[in-house]
Amino acid sequence: MNNKFITFEGGEGAGKTSVISELSKFLEGAGFNLITTREPGGIKIAENIRQIILDPNNTAMDGRTEALLYAAARRQHLVEKVIPELNLGKIVLCDRFLDSSLVYQGIARKIGLDEIFSINNFAIENCMPKLTFYFDIDPEIGLARIAKNKNREINRLDMENLDFHYSVREGYLKLLTMFPERIVSIDANRPLEEVITETKEKIMSYLQVM
């Protein structure tokens with residue numbers, strides 16, 4: 001079942017949401033049965049939690065509170081949407097998953113990887129993606145892209161200082177060494193078209209041997 005669960009990760013402004021949109025159209029055109037979703041969100045309860053987490057006014061939120069809210073949204077999203085769709089045989093493309101919590105809260109917030117693993121093991125019950133695309137971008141480039149994109153929501157995480165975003169990148173690079181069999185790194189500093197082309201090639205290689 002989980003071999004059709006594919007997630008997408010990256011720092012702010014990496015372009016993963018745009019890649020997922022184009023990838024979804026491409027795969028549907030190739031005859032694959034799939035859905036796209038996101039974290040936190042994807043279903044009503046999780047979207048409500050998302051609003052609380054990302055609200056720029058909630059700057060007083062404690063790091064552990066943030067981690068617990070992400071885990072709660074993740075649990076509801078899994079049981080209400082992701083697992084039922086996987087059980088129907090669909091490919092699930094998910095914009096962010098557990099790796100985001102490990103990096104943003106475990107490393108950048110300095111809560112610890114073991115602590116975040118513990119919270120989320122309870123939430124996900126071993127439902128891990130088989131394949132994860134990590135879009136690697138220099139934080140300064142990513143934040144500059146966000147500043148130019150007037151249509152993108154500015155959330156609480158965008159407001160963190162540059163050191164925080166560099167910690168996020170360092171965290172993702174650490175996960176690459178921890179889970180090399182699952183995580184595929186793609187250079188997202190390049191033009192979006194090049195990133196999309198490489199992602200299409202790599203996901204087709206995976207799906208053709210799945």
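Among the contacts in the protein chain with a separation of 6 or more, 79% join residues that lie 24 or more positions apart. The model is a predicted one, and its secondary structure comprises 8 helices and 5 strands. Read from the N terminus, the elements of the protein chain follow the order β-α-β-α-α-β-α-α-β-α-α-β-α. The radius of gyration of the protein chain is 16 Å, close to the 17 Å that the globule rule gives for 210 residues, so the chain is as compact as a globular protein of that length.

**Dimensions and burial**
- The C-alpha trace of the protein chain, taken along its principal axes, spans about 45 × 35 × 35 Å.
- Of the 210 residues in the protein chain, 50% are buried.

**Surface and charge**
- The protein chain exposes about 10000 Å², and carbon and sulfur atoms supply 52% of that area.
- The protein chain carries 26 positive and 30 negative charges, and the mean positions of these two sets are 3 Å apart.

**Residue A72**
- A72 belongs to helix α3, which covers residues 63–87.
- The relative accessibility of A72 is 37%, and because buried means under 20% and exposed means over 50%, A72 counts as partly exposed.
- Although 52 residues separate A72 from I124 in sequence, the C-alpha atoms of A72 and I124 are 9.7 Å apart in space.

Notes:
Residues are numbered from 1 along each chain as its sequence is written. This is a predicted model: local features need pLDDT of at least 70, side-chain atom pairs count only at pLDDT 80 or more; totals for chains, interfaces and linings use all residues. Side-chain values use heavy atoms; hydrogens and water are left out. Helices (H or I, at least four residues) and strands (E, at least two) are DSSP runs, numbered from the N terminus. The radius of gyration is taken over C-alpha atoms; the globule rule is 2.2 Å times the number of residues to the power 0.38. Buried means under 20% relative accessible area, exposed over 50%, partly exposed in between (1.4 Å probe, protein chains only). Contact means heavy atoms within 4.5 Å. Accessible areas come from the Shrake-Rupley method with a 1.4 Å probe; for residues, only the protein chains shown count as cover. Lys and Arg count as positive and Asp and Glu as negative; His and the chain ends are not counted. The place of a charge is taken as NZ of Lys, CZ of Arg, CG of Asp or CD of Glu.
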